[in-house]
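Me: I would like to learn how to read pockets and ligand shells in a model. Could you take me through one?

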Amino acid sequence: MAAPGALLVMGVSGSGKSTVGALLASQLGWKFYDADDYHPEENRMKMGKGIPLNDQDRIPWLCNLHDILLREVASGQHVVLACSALKKMYRDILIRGKDGVPRKCGEPGKDEKLAEVKLFVVHLSGSFEVISGRLLKRKGHFMPPELLQSQFDTLEPPSAPEIFIQINVNKTLSEITATIMKALK
Ligand SMILES: Nc1ncnc2c1ncn2[C@@H]1O[C@H](COP(=O)(O)OP(=O)(O)O)[C@@H](O)[C@H]1O
Ligand SMILES: O=C(O)[C@H](O)[C@@H](O)[C@H](O)[C@H](O)COP(=O)(O)O
C-alpha cells in the first residue's frame, strides 16, 4: 500500500504500543509520538489512583493528538503514533477531529479545508493473561495493572472500513515490526 500519513499503533495498556511504535518509527525514519506524553496531569492522576478514564477525559486529549497529526501530515512528515485509541470513536477523532469535521479541534471554524489524516491502524492484540503478566513486570509507569480489565472492557477492535492489521503480542518485536513493514509495502 502507499505510505499513509500516519500509522497508529493501538491496543490496551501493556500491549506493546510504546515499544513497537518507537522501534518502527526508527526503522522507517518517521517521527514518533507517544500519546501517553500528552495526557493532561488530571488524567495521569486519575489513572494513577486506579480510576479508568472516560470519554470526557479522553476527547480533549485525542483532539490535541488529531491537531498534531494534521499539522505533521500537512507539512509532509510521516508519523508513528502510539495511542490506546480503544474505541472506534476515538480513532475517528484522530482522523477527523471531534465532530467528524476536518478542522482543528480547539478552533472551530478555522482551517476548515484541511484534509483528514490518512491513518493506517496496527492493533496489538493479546490475551488478558499475557498482557497482565507484562504489566506486572513493567516498572516506573503511572498506569496501574488493575486498570487492565477496564481497558479490555472498553476495547472496540478495528474493523472494516478502517484500514488496519491486527498482530498478536505473542510474536517477538522483530516479527511484529517485520509484519508491519510488509503491510506498508
Ligand atoms: N512483543 C513483545 N514481546 C515481549 N515483551 C514485550 C513485547 N512488546 C512489549 N513488551 C514489553 O511489555 C511491556 C509493555 O510494553 P509497552 O510498550 O510499555 O506497552 P504499552 O505502551 O502498550 O503500554 C514492556 O515491558 C515491554 O518491554
Ligand atoms: O485511554 C486510556 O485509558 C489511556 O490512554 C490508557 O489506555 C493508556 O494505556 C494509558 O495512557 C497508560 O499508558 P500505557 O498504555 O503505556 O500503559
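Reply: What follows goes through the pockets and then the ligands. This is a predicted model, in which local features need pLDDT of at least 70, side-chain atom pairs count only at pLDDT 80 or more, and totals for chains, interfaces and linings use all residues. Residues are numbered from 1 along each chain as its sequence is written, chains are lettered from A and ligands numbered from 1 in the order in which they are written, and side-chain values use heavy atoms, with hydrogens and water left out.

Me: How is empty space found, and how much space lies in the largest pocket?

Reply: Rolling a probe the size of a water molecule over the atoms shows where empty space is left. A pocket is an open set of points on a 1 Å grid over the protein atoms alone, where a 1.4 Å probe fits and protein lies on both sides within 12 Å along at least five of seven lines; lining residues have an atom within 4 Å of a point. A volume is the space filled by probe spheres set on the points, which are joined across faces, edges and corners. Here the largest pocket holds about 540 Å³. It is lined by 36 residues, and Ser13, Gly14, Ser15, Lys17 and Arg138 are the closest to its centre.

Me: Which elements give two or more residues to that lining?

Reply: Elements are DSSP runs numbered from the N terminus: helices are H or I with at least four residues, strands E with at least two. For the largest pocket they are H1, helix H3 (55-74), helix H5 (128-137), helix H6 (148-154) and H7. H1 has the largest share, four residues.

Me: What sits in the largest pocket?

Reply: A molecule sits in a pocket if more than half of its atoms lie within 2 Å of the grid points. The space taken by ligand 1 is the largest pocket, and the space taken by ligand 2 is the largest pocket too.

Me: Which residues are closest to ligand 2?

Reply: A residue belongs to the shell if one of its heavy atoms lies within 4 Å of the ligand. Ligand 2 is surrounded by 15 residues, with Ser13, Lys17, Asp36, Arg58 and Arg138 the closest. For polar contacts, look for pairs of N or O atoms within 3.5 Å. Oxygen atoms of ligand 2 are 2.5 Å from a polar side-chain atom of Ser13, 2.8 Å from a side-chain N or O atom of Lys17 and 2.9 Å from one of Ser84. The protein buries 98% of the 390 Å² that ligand 2 exposes when taken alone, by the Shrake-Rupley method with a 1.4 Å probe.

Me: And how many residues surround ligand 1?

Reply: There are 14, and the closest are Gly14, Lys17, Ser18, Thr19 and Arg138. Helix H1 (17-28) and helix H7 (173-184) each supply at least two residues of this shell, and H1 gives the largest share, three. Ligand 1 has an oxygen atom 2.5 Å from a side-chain N or O atom of Thr19, and one 2.7 Å from a side-chain N or O atom of Arg138. Of the 570 Å² of accessible area that ligand 1 has on its own, the protein covers 77%.

Me: What is the volume of the second largest pocket, and which element gives the largest share of its lining?

Reply: The volume is about 170 Å³. Helix H4 (88-96) and strand E4 (119-125) each supply at least two lining residues, and the largest share, four, comes from H4. Among the lining residues are Lys88, Asp92, Glu116 and Pro161.

Notes
A polar contact is a pair of N or O atoms within 3.5 Å; within protein, one must be able to donate a hydrogen and the other to accept it, and residues adjacent in sequence count only if both atoms are side-chain atoms.
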